[in-house]
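Subject: Structure for you, plus what turned up in it

Hi,

Here is the structure I promised to pass on. Have a look at it first, then read on for my notes.

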Amino acid sequence: FFFSSRRRHTRCSGVSWARRCVQETDLKMSSDERSSLQTKDMVLSDETDEVSQKIEENLMEKHMRLKRAATKSFILNDPNRQRSNQQDQKDDLTKFIEAARQEEMEKQIAKESSIYSTTFMKYFISRNTNLFSITMLELVSNMVSYPLHTIKTRIQAKHFQEDVAFFLRNKVDKYSMYTGISQHFLAIIMGNLVTITTTKYMSAYLNSDPNTKNMSAFKKNMISFVSGDILSLPIRISFEVRRTLLQLCNPKIEIGRYFKAIQKSFLPSLIRDLTFRFTFNCTNDLVLFQKYYVYLLKSPKQFAERETYKKDYITSLSYNQKLTTLMISTIMAVTLSMPFDIISTKLITQQYEKYTGIVNAYKTILKEEGLPKLMFSGMWARSTYLLTNGWLFMNFYPFFKDTFEEAFL
């Protein structure tokens with residue numbers, strides 16, 4: 001039946017060849033037979049597709065095996081690629097040696113030069129671009145936000161029943177909001193010098209010590225920042241006390257009362273700074289990296305994998321996420337540290353000894369002025385001041401850092 005056709009079909013499938021034979025011999029088939037033939041044709045085509053797909057998958061797998069074997073084998077490696085890799089390593093080593101030589105020469109020149117010379121200052125700034133960029137940015141931002149700090153101090157110092165700070169006597173509300181800004185700038189410069197230097201060397205020590213090398217970045221940052229805050233406070237507080245008294249219009253300050261104010265306000269200021277630092281860092285870390293911590297809880301990873309995932313997660317954060325986190329963290333930190341800030345201001349600004357210490361000031365404020373005075377006095381001004389500085393830092397710190405690096409590196 002199939003070979004009764006007049007034409008030879010050598011380049012077609014068996015089913016299509018049979019169909020042509022049927023058409024050429026003018027053989028009429030029933031509808032049932034045609035449908036069964038079509039069904040067979042579809043089945044055969046499906047089976048052919050499955051077989052070809054399996055063959056392609058096998059070929060692809062073999063190709064990948066050969067590729068992996070060629071990558072591992074030094075015999076099949078491209079000699080040109082080996083030479084280029086070796087050349088890149090040599091170039092990197094040469095650059096490293098040149099950089100080390102340049103740094104050693106700069107150190108030697110800086111040692112031989114005077115501390116006031118241009119060479120020494122260039123070397124010092126090039127090695128501390130982070131310190132200078134942060135300090136310069138804080139000075140610029142406080143030119144805008146300093147009046148908020150003055151408002152906060154005056155609100156906290158004012159006593160509605162008794163003129164303890166001589167607020168009415170000195171007519172404080174008539175003086176400029178920028179009174180005492182020079183002392184504020186000195187506190188920023190000296191405080192940052194100690195804080196950032198301590199943080200830098202503490203971070204380097206924690207990263208190099210075998211016992212703390214695998215510690216989380218959050219713990220390392222917390223230890224470094226707390227160390228910086230503790231060591232910088234004895235230097236900062238001398239300028240802060242002078243600034244606070246000037247904000248209350250007390251230009252003539254007796255030496256004995258000045259040192260007494262420093263002594264009494266040191267402990268509440270220390271508790272205020274540590275409470276703010278701990279609350280801000282914890283809230284910032286929890287809000288900003290909440291998805292990262294959920295990821296760790298669901299699938300615990302090794303230290304290297306955790307750090308890699310965290311770096312990728314940080315790069316994926318949007319501007320709105322960072323801004324929202326800054327606002328939440330600042331408000332939380334201000335709320336918890338507010339009582340100690342008010343007590344510190346009261347102990348500094350009193351013109352006669354009404355508050356003998358931190359405990360006595362707490363009880364007296366709570367008894368005479370109430371809980372709202374102790375918890376929320378000047379809170380809006382302090383929050384706005386810190387949020388303004390934080391927003392400026394978040395937006396303009398990269399510009400300041402790039403400017404210093406371009407000028408001195």
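To start with something small: in which helix does Leu193 lie? Leu193 lies in α6. Keep in mind throughout that this is a predicted model.

**The overall picture**

The protein has 14 helices and 0 strands, so if you write out its elements from the N terminus you get α-α-α-α-α-α-α-α-α-α-α-α-α-α. Of the 409 residues, 35% are buried. Among contacts with a separation of 6 or more, 75% are between residues 24 or more positions apart. The protein exposes about 26300 Å², and 61% of that comes from carbon and sulfur atoms.

**The patch around Leu193**

Back to Leu193, which counts as partly exposed at 35% relative accessibility. Which residues form a nonpolar patch on the surface with Leu193? They are Met121, Phe124, Ile189 and Met190, and the patch has about 360 Å² of accessible area together. Two elements give two or more residues to the nonpolar patch, namely α4 (118-126) and α6. The one that gives the most is α6, with 3 residues.

**The cavity**

How many cavities of 30 Å³ or more does the structure hold? The search gives 1, and the space in this largest cavity is about 100 Å³. Its lining is made up of His149, Lys152, Thr153, Glu240, Arg243, Thr244, Ser269, Arg272, Asp341, Ser344, Thr345 and Ile348. If you want to find it by helix, the elements that give two or more residues to the lining are α5, α7 (217-247), α8 (255-288) and α11 (319-349). With 4 residues, α11 gives the most to the lining.

**Salt bridges**

A search of the whole structure turns up 14 salt bridges. Here are a few you may want to pull up.

- Asp273 and Arg236 form a salt bridge, with 3.0 Å between the closest N and O atoms. Asp273 is in helix α8 and Arg236 in helix α7, so this pair ties together parts that are 37 residues apart in sequence. Asp273 counts as buried at 15% relative accessibility, and Arg236 counts as buried at 13%.
- Asp341 and Arg272 form a salt bridge too, with the closest N and O atoms 3.1 Å apart. Here the pair ties together parts 69 residues apart in sequence, because Asp341 lies in helix α11 and Arg272 in helix α8. Both Asp341 and Arg272 are buried.
- Lys401 and Glu405 meet through their side chains, at 2.6 Å from N to O. Both lie in helix α14 (residues 379-408), and they are 4 residues apart, about one turn of the helix. Lys401 counts as partly exposed at 22% relative accessibility, and Glu405 is partly exposed as well, with a relative accessible area of 25%.

Which residues are linked in a network of salt bridges? They are Lys152, Arg236, Glu240, Arg272, Asp273 and Asp341, so the two pairs at the top of my list belong to this network. Put that next to the cavity: its lining includes Lys152, Glu240, Arg272 and Asp341.

**Val172**

One last residue to click on. Val172 sits in the loop between α5 (129-157) and α6 (181-208). Is Val172 buried or exposed? Val172 is buried, because its relative accessible area is 0% and the cut-off for buried is under 20%.

What is Val172 in contact with, leaving aside its neighbours within four places in sequence? The list is Arg154, Phe166, Phe167, Gln247, Leu248 and Cys249. For a sense of how the chain comes back on this loop residue, take Val172 and Leu246: they are 74 residues apart in sequence, and their C-alpha atoms are 9.9 Å apart in space.

That's what I have for now. Tell me what you make of it.

Cheers

Definitions and conventions
Residues numbered from 1 in each chain as written. Predicted model: local features only at pLDDT ≥ 70, side-chain atom pairs only at ≥ 80, totals over all residues. Heavy atoms only, no water. Buried < 20%, exposed > 50% of the residue type's maximum accessible area, 1.4 Å probe, protein only. Contact = heavy atoms within 4.5 Å. Patch = residues over 30% accessible without salt bridge, like charges linked within 9 Å, V, L, I, M, F, W, Y side chains within 5 Å. Areas by Shrake-Rupley, 256 points an atom, 1.4 Å probe, with all protein chains shown as cover. Salt bridge = Lys/Arg side-chain N within 4 Å of Asp/Glu carboxyl O. 1 Å grid on protein atoms, 1.4 Å probe; cavity = no way out; pocket = protein on both sides within 12 Å on 5 of 7 lines; lining within 4 Å. Points joined across faces, edges and corners; volume = space filled by probe spheres on them.
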